[in-house]
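Subject: Structure handover

Hello,

Here is the structure I promised to pass on. Please open it first, then read my notes below.

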Protein chains: 2
Amino acid sequence: MHLVGQQVVDGATTDDATAHCRAMGYILDRVGDKWTIMAVGALSLGPMRFNEMMRKIGGVSHRMLTLTLRGLEREGLVTRTAYATIPPKVEYELTDLGRSLITPLTALADWAHQNRPAMEAARARYDAKV
Amino acid sequence: MHLVGQQVVDGATTDDATAHCRAMGYILDRVGDKWTIMAVGALSLGPMRFNEMMRKIGGVSHRMLTLTLRGLEREGLVTRTAYATIPPKVEYELTDLGRSLITPLTALADWAHQNRPAMEAARARYDAKV
DNA sequence: CGGGATCCTCCAAGATACTG
DNA sequence: CAGTATCTTGGAGGATCCCG
């Protein structure tokens with residue numbers, strides 16, 4: 001086997017695996033942080049205003065939510081609609097792309113929900129030993 | 001409606017949604033960082049030694065991989081087996097729990113792989129406007 | 001080879017305050 | 001109400017060195 005410009009460590013599946021890893025690395029850098037996920041989670045309930053999101057998410061600072069939403073807008077996962085009323089009103093909504101993220105995210109959330117007890121038990125065991 | 005110890009913000013679905021969010025928040029704090037995901041991805045190929053993982057993942061520092069693996073071990077997702085040989089040899093392997101994480105992670109990776117072009121296009125559009 | 005300890009840097013993110 | 005700017009700091013993470 002001879003692949004140019006790519007290191008084959010231990011088999012044919014390696015390049016697939018690294019490609020996978022790179023895809024993950026990419027997405028994690030973009031939408032992998034806590035607030036981003038929380039924001040998508042909140043918006044999965046429907047369009048929402050800024051302060052509504054703040055309350056829904058909880059614990060997020062004004063500034064971080066703004067930055068997070070800018071990021072999501074930039075990546076094309078969220079649309080921002082400002083109404084020139086007084087007081088101003090801004091609604092955020094998931095795009096189709098954003099909505100398509102809900103499914104795999106929900107799968108992960110379900111996993112988290114189901115296996116959290118197991119992880120907590122494991123951690124308790126680990127900490128008890130040390 | 002009267003729920004003790006749980007804040008109901010604006011409706012019946014809120015607690016479900018927030019429960020989901022909390023589950024996500026929890027898992028993201030534990031296994032949401034880049035290196036953790038990469039490590040699980042690497043180990044999904046099979047048991048592996050420390051330096052092997054370093055090479056496979058790429059760009060991870062000695063220290064961070066150690067910390068990451070300790071974390072995974074603590075959460076019960078990875079087992080660590082040290083052989084008292086000279087030179088020492090340490091093998092890491094996913095537990096059943098760890099392996100169960102592969103499925104939802106793969107779903108996310110697939111999403112990333114499929115939608116990365118769309119996200120890059122959206123970003124280019126966004127950046128062009130500003 | 002793998003793990004730990006130490007030091008150091010730098011940036012993510014909170015707090016605060018001001019504008020439209 | 002929503003957004004931006006500035007300041008400040010805690011801690012994540014890299015580099016390095018030494019141990020078993």
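First, a term for burial: a residue is buried under 20% relative accessible area, exposed over 50%, and partly exposed in between, using a 1.4 Å probe and protein chains only. By that scale B:T106 is partly exposed, because its relative accessible area is 29%. B:T106 sits in helix α6 of chain B. Helices (H or I, at least four residues) and strands (E, at least two) are DSSP runs, numbered from the N terminus. B:T106 and B:G41 are 65 residues apart in sequence, yet their C-alpha atoms are 8.9 Å apart in space.

Some ground rules. This is a predicted model, where local features need pLDDT of at least 70 and side-chain atom pairs count only at pLDDT 80 or more, while totals for chains, interfaces and linings use all residues. Residues are numbered from 1 along each chain as its sequence is written, chains are lettered from A and ligands numbered from 1 in the order in which they are written, and side-chain values use heavy atoms, with hydrogens and water left out.

**Where chain B meets chain A**

Contact means heavy atoms within 4.5 Å. On that basis, 52 residues of chain B touch 51 residues of chain A. The two chains bury about 4,900 Å² between them, and 71% of it is on carbon and sulfur atoms. Buried area here is the accessible area (1.4 Å probe) that two parts lose on being put together, summed over both. In chain B, the residues that lose the most area to chain A are B:Y26, B:R74 and B:W111. Together they make up 14% of what that side buries.

There are 8 residue pairs in polar contact between chain B and chain A, both residues at pLDDT 80 or more. A polar contact is a pair of N or O atoms within 3.5 Å; within protein, one must be able to donate a hydrogen and the other to accept it, and residues adjacent in sequence count only if both atoms are side-chain atoms.

Which elements of chain B give two or more residues to the side that touches chain A? They are α1 (14-31), α2 (34-43), α3 (50-57), α4 (62-74), α5 (96-100) and α6 (102-129). α6(B) gives the most, with 19 residues. That side of chain B divides into 25 nonpolar, 11 polar and 16 charged residues. For this split, Ala, Val, Leu, Ile, Met, Phe, Trp, Tyr, Cys and Pro count as nonpolar, Asp, Glu, Lys and Arg as charged, and the others, Gly among them, as polar.

**Salt bridges**

A salt bridge is a side-chain nitrogen of Lys or Arg within 4 Å of a carboxyl oxygen of Asp or Glu. The structure holds 13 over all chains. Between chain B and chain A the count is 6.

- B:D127 pairs with A:R74, with the closest N and O atoms 2.7 Å apart. B:D127 lies in helix α6 of chain B and A:R74 in helix α4 of chain A, so the pair joins two chains. B:D127 is partly exposed at 36% relative accessibility, and A:R74 is partly exposed at 27%.
- B:R123 pairs with A:E75 at 2.9 Å between the closest N and O atoms. B:R123 lies in helix α6 of chain B and A:E75 in the loop between α4 and β2 (78-83) of chain A, so this pair joins two chains. B:R123 is buried at 12% relative accessibility, and A:E75 is buried at 5%.
- B:R74 pairs with A:D127, the closest N and O atoms being 2.8 Å apart.

A:R123, B:R30 and B:E75 are also linked in a network of salt bridges.

**DNA strand C**

A residue is near a strand if one of its heavy atoms lies within 4 Å of it. Of the 17 residues around DNA strand C, A:M64, B:F50, B:N51, B:R80 and B:Y92 come nearest. Of the strand's atoms within 4 Å of the protein, 72% belong to sugar or phosphate and the rest to bases.

Which part of the strand does B:H62 approach, with an N or O atom of its side chain? It is a base nitrogen, 3.0 Å away. The side chain of B:Y92 has an N or O atom 2.6 Å from a phosphate oxygen. A polar side-chain atom of B:R49 lies 3.1 Å from a phosphate oxygen.

The largest share of the surface near the strand, 4 residues, comes from α4(B). That surface divides into 8 nonpolar, 4 polar and 5 charged residues.

Best wishes
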